[in-house]
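Visitor: I am new to this structure and would be grateful for a close look at one part of it, the second largest pocket. Please also set that part in the context of the chain.

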Amino acid sequence: MAIFFVLITFILCWIWIEFTLFISNRLGSANKLQFSYHRFIWYLRGIALLLLSTSMLYMYFFQNISFQKAIQYCLGIIR
């Protein structure tokens, strides 16, 4: 059940991040000397997927109660 909540939270946060980056790219000025927008987005997506998969593997294999309680606390589903 905690993995489901982590996935839902990840998806909602990622939608917000993509929307914010899309708007900031449209409103910002184009500077060729800066880091490429598309390269930055793919690095960010890779890091996000790595963090998501690492946390899910940790939850699945170790079943650490303190980690699950921290996620429940962050998501506001304390019983």
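**The second largest pocket and its setting**

Guide: Of the 79 residues in the chain, 13% count as buried. The model is a predicted one, and it has three helices and zero strands. Read from the N terminus, the order of elements is α-α-α.

Within this setting, the second largest pocket holds about 270 Å³ of space. Its lining is made up of 14 residues, and those nearest the centre are Val6, Thr9, Phe10, Ala48 and Leu52. The elements that each give two or more residues to this lining are α1 (2–27), α2 (37–62) and α3 (65–75). As for the character of the lining, twelve of its residues are nonpolar and two are polar, while charged residues are absent.

The surface of the chain can be described in a similar way. The chain exposes about 6700 Å², and carbon and sulfur atoms supply 71% of that area. As to how the chain meets itself, consider the contacts between residues at least 6 apart in sequence: 57% of these join residues at least 24 apart.

A word on confidence is also in order. The mean pLDDT of the chain is 77, and 77% of its residues reach 70 or more. Among the elements that contribute to the pocket lining, α1 has the highest confidence in the chain, at a mean of 82, whereas α3 has the lowest, at 71. Where pLDDT is low, predicted coordinates should not be read in detail.

Key:
Residues are numbered from 1 along each chain as its sequence is written. This is a predicted model: local features need pLDDT of at least 70, side-chain atom pairs count only at pLDDT 80 or more; totals for chains, interfaces and linings use all residues. Side-chain values use heavy atoms; hydrogens and water are left out. On a 1 Å grid over the protein atoms alone, a cavity is a set of points where a 1.4 Å probe fits but cannot get out, and a pocket is an open set with protein on both sides within 12 Å along at least five of seven lines; lining residues have an atom within 4 Å of a point. Grid points are joined across faces, edges and corners, and a volume is the space filled by probe spheres set on the points. Helices (H or I, at least four residues) and strands (E, at least two) are DSSP runs, numbered from the N terminus. Ala, Val, Leu, Ile, Met, Phe, Trp, Tyr, Cys and Pro count as nonpolar, Asp, Glu, Lys and Arg as charged, and the others, Gly among them, as polar. Buried means under 20% relative accessible area, exposed over 50%, partly exposed in between (1.4 Å probe, protein chains only). Contact means heavy atoms within 4.5 Å. Accessible areas come from the Shrake-Rupley method with a 1.4 Å probe; for residues, only the protein chains shown count as cover. pLDDT is the predictor's confidence in each residue, from 0 to 100.
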